[in-house]
Amino acid sequence: MRFIKIYSFLLLLIASFIQAQEHPNLILTKKGVQEIRQQLGKVPLFDASLADIKAEVDAEILKPIIVPIPKDMAGGFTHEQHKKNYLILQKAGVLYQILNEEKYAIYVRDVLLAYARMYPTLPIHPQERSYSRGKLFWQCLNDANWLVYVSQAYDCVYDFLSKKERNLLEKELFKPFAKFLSVESPQFFNRIHNHSTWGNVAVGMIGLVMNDKTYIDYGLNGLKEDGIAPDARDNDGGLIKKPGQKTGYLANLDDPFSPDGYYTEGPYYQRYAMYPFMIFAEALHNTKPEMKIFDYKNGVLLKSVYALLNLTNSEGEFFPLNDGQKGMSYYSRELVSAVNIAYYFGNQDPSLLSIAKKQDRVSLDNAGLQVAMAIRDAKEKPFVKKSLLLTDGSDGKQGSVGIIRSKKDNNEFTLVMKNTSQGLSHGHYDKMSYSFYNNANEILQDYGLARFVNIEQKNGGGYLKENKTFAKQTIAHNTLVQDEVSHFGGDFETGSKYFSELIYVDYSNPDFQIISAKEVNAYPNTEFQRTMIVLNVPSFENPILLDVLDVKSNAKHQYDLPYYYNGQILSTSFKYDSARSVEPLGTKNGYQHLWREATGLAKADNIQLTWMHNNQFHSLTAVTSTDDEIILARIGANDPEFNLRKDPTLIIRKKDTHNTTYISTTETHGSYSYVTESAKNAYSSIKKIEEIYNDTTYIGIKITDKSDKSTVLLFTKNNDTTKEHQLTIDKAVYKWTGNSIIKY
């Protein structure tokens with residue numbers, strides 16, 4: 001019996017050894033390749049994706065191999081050539097496995113050998129912009145991108161190469177590359193950040209291919225010793241590493257992701273990091289199934305795909321929270337693979353198939369094959385984006401993002417309210433800011449980032465200085481600014497300590513959806529609570545947004561609340577003086593980048609602004625005091641290189657004030673036809689907004705339309721979901737249970 005046990009144990013060891021040495025074993029497996037080959041010509045979407053990639057690679061391998069000496073920033077020739085090389089190498093490796101045509105393996109071999117000849121001669125990249133300069137690229141981040149993709153190519157051609165060729169590649173290229181990214185660049189590798197995620201995955205994946213336990217461990221758990229200075233920072237001013245902070249791939253799953261799958265840096269960088277997160281998970285599933293990586297932290301990787309898909313507008317474009325480039329969407333290559341992997345390794349949710357069908361391509365692996373087969377078999381169901389709350393922080397207790405979606409006649413309106421933590425070094429100083437959409441059109445916008453990604457003429461494709469001096473500043477967002485100073489004084493360390501508190505959220509009534517949050521740390525001795533409601537009032541053409549910002553302070557201040565609209569002003573209810581020569585609105589904290597174009601006084605208890613954008617009319621109506629200053633401003637001052645968009649804003653300024661309440665509605669109405677030259681419903685439906693009650697516990701708002709129909713809304717400042725309330729206002733008695741009530 002003992003002999004049988006020992007013999008069985010040895011067989012398991014041998015089987016484990018054989019499995020560990022089998023190639024491919026990352027994204028493709030031998031078994032998986034056979035399944036793919038059996039289905040060729042039978043699965044239209046997979047076949048089309050394969051044909052597209054084959055045509056691309058076939059055209060490329062006819063050209064001379066170009067492995068240039070690195071010298072350029074992003075967007076420059078050497079940068080773009082090395083980027084093209086790693087993308088083509090990965091695709092060529094996959095084509096070799098699927099089509100079994102040696103020309104692809106030969107191409108991969110020859111390019112890798114060219115890199116192996118060059119790499120030992122390379123110094124640090126000559127561009128000095130980055131806190132972690134690479135060798136092939138100006139920053140280690142892009143070097144890590146290269147290795148993530150090329151690891152897959154090497155895995156695919158591993159058995160095609162001779163032992164001598166493998167030894168040469170590992171000695172001259174892959175091991176030095178992995179060492180450089182990890183041991184020699186700890187400030188890049190050993191932190192919680194999307195940069196480190198790429199680095200961890202790059203080192204871990206090449207470690208899996210080489211069966212090098214040291215680099216696999218580095219990838220999963222980071223470096224045990226790194227020598228990083230306690231005050232070391234990156235180019236965005238972010239702290240490299242907190243004392244006692246865990247590192248590695250697993251730590252980057254634990255810390256930046258909330259239990260809901262929200263990534264604290266925001267959706268733009270979550271999208272970017274999804275490729276290494278999901279690809280490494282797939283590789284770990286294939287090589288180390290005992291880890292059960294897709295179950296890690298209660299399945300946070302799979303949840304993160306759903307969170308990211310929900311952080312998009314009706315066209316699939318990500319909301320530009322924190323540093324985010326507008327226009328990035330779930331059609332990106334990162335999301336193609338993420339959706340495929342989430343479907344295959346999740347519960348085969350048919351709603352994901354509808355996203356994959358829109359993407360119109362799949363990854364060339366078993367996940368992509370299964371998605372394409374399910375689409376062929378018409379298994380997809382609609383992916384329905386609903387109102388939801390996504391928590392922030394590793395424990396889900398460091399703020400949140402509230403999304404309210406309201407539809408009327410297939411016309412979707414979406415509120416995005418940002419009540420999160422700082423968001424690491426890509427975060428903005430914009431507590432409780434918001435943006436508002438009609439389908440994919442921005443009614444009130446978030447500026448996003450100040451950068452032209454991979455456009456060489458604009459700072460080599462990197463971040464522009466205006467990202468710090470404007471885009472991150474509070475005045476660049478639709479939220480409260482006190483005394484022309486950004487939240488937390490624009491100090492990263494201070495901002496990183498705090499997050500806005502969710503008071504309550506209620507999406508149960510589709511015609512009355514409400515979210516309320518409070519901020520008590522952005523300014524000393526000042527707190528403000530923002531309650532936002534999306535209403536579907538019968539007498540209005542579309543859902544309207546009600547915004548109530550209640551400010552309390554123990555001293556007098558100047559308060560500014562900007563509204564960044566898009567489009568052409570049609571009319572205002574207030575008079576203003578247009579500047580003959582424009583001057584900046586201020587000297588610092590983002591104000592230096594705003595032109596003061598016109599100024600007026602409210603001189604009424606309401607003001608109204610109507611503008612047109614994309615053939616639609618929009619109106620902002622706000623409660624005001626007669627001496628409130630109304631500023632019409634435009635981005636672009638002190639911008640000699642024209643790095644900023646020239647977008648307009650309306651700012652309501654309240655001076656010398658302790659406590660105040662900003663109340664406004666935003667409505668979309670009517671349309672304009674350039675063909676018939678006719679305007680329909682070009683005027684606001686709102687006659688007046690009134691604050692009818694405000695004490696330490698309740699706020700009451702009355703909205704009267706132009707037919708004199710009134711809507712009264714009452715809501716609490718605390719979370720009282722079960723408490724019975726009663727108020728008497730102008731002899732009318734209101735009784736309700738819960739946080740809010742609406743009376744038409």
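**Entry 1: the largest cavity**

I began with the lining of the largest cavity, which consists of Leu-26, Ile-27, Leu-28, Gln-90, Val-94, Gln-152, Asp-155 and Cys-156. I note at the outset that this is a predicted model. I then looked up which elements give two or more residues to this lining, and recorded helix H4 (77-99) and H6. H6 gives the most, with 3 residues. I sorted the lining of the largest cavity by class and obtained 5 nonpolar, 2 polar and 1 charged. For the space in the largest cavity I recorded about 40 Å³. The count of cavities of 30 Å³ or more comes to 2.

**Entry 2: the second largest cavity**

I turned next to the second largest cavity, for which I noted a volume of about 30 Å³. I listed its lining as Gln-529, Thr-531, Val-548, Asp-550, Ile-699, Phe-715, Thr-716 and Lys-717. Here the elements that supply at least two residues each are strand E9 (526-535), strand E10 (544-553) and strand E24 (710-716). By class, I recorded 3 nonpolar, 3 polar and 2 charged residues in the lining of the second largest cavity.

**Entry 3: H6 against H12**

I returned to H6, and looked up how helix H6 (residues 140-157) lies relative to helix H12 (residues 267-287). Their axes come within 12 Å and cross at roughly 40 degrees. H6 is therefore oblique to H12. I recorded the crossing of H6 and H12 as left-handed. On the H6 side, the contact is made by Leu-141, Asn-145, Val-148, Tyr-149 and Gln-152; on the H12 side, I found Tyr-272, Tyr-275 and Ile-279. I classed the residues of this contact as 6 nonpolar and 2 polar, with no charged residues. I also note that Gln-152 is listed both in this contact and in the lining of the largest cavity.

**Entry 4: the largest pocket**

I then examined the largest pocket, in which about 800 Å³ of space lies. I noted that 37 residues line the largest pocket, and that Trp-138, Gln-139, Tyr-269, Arg-451 and Tyr-463 lie nearest its centre. Which elements each supply at least two residues of the lining of the largest pocket? I recorded H4, H6, H12, helix H14 (333-345) and helix H17 (465-471). The largest share of this lining comes from H12, with 4 residues. By class, I entered 13 nonpolar, 14 polar and 10 charged residues for the lining of the largest pocket.

**Entry 5: cross-reference**

I close with H6, which makes contact with H12, gives 3 residues to the lining of the largest cavity and supplies at least two residues of the lining of the largest pocket.

Definitions and conventions. Residues numbered from 1 in each chain as written. Predicted model: local features only at pLDDT ≥ 70, side-chain atom pairs only at ≥ 80, totals over all residues. Heavy atoms only, no water. Axes fitted to C-alpha atoms, helices over the stretch in contact; angles between N-to-C directions. Parallel < 35°, antiparallel > 145°, perpendicular 65-115°, else oblique. Left-handed = near helix turned anticlockwise from the far one by under 90°. Contact = heavy atoms within 4.5 Å. Nonpolar A, V, L, I, M, F, W, Y, C, P; charged D, E, K, R; others polar. 1 Å grid on protein atoms, 1.4 Å probe; cavity = no way out; pocket = protein on both sides within 12 Å on 5 of 7 lines; lining within 4 Å. Points joined across faces, edges and corners; volume = space filled by probe spheres on them.
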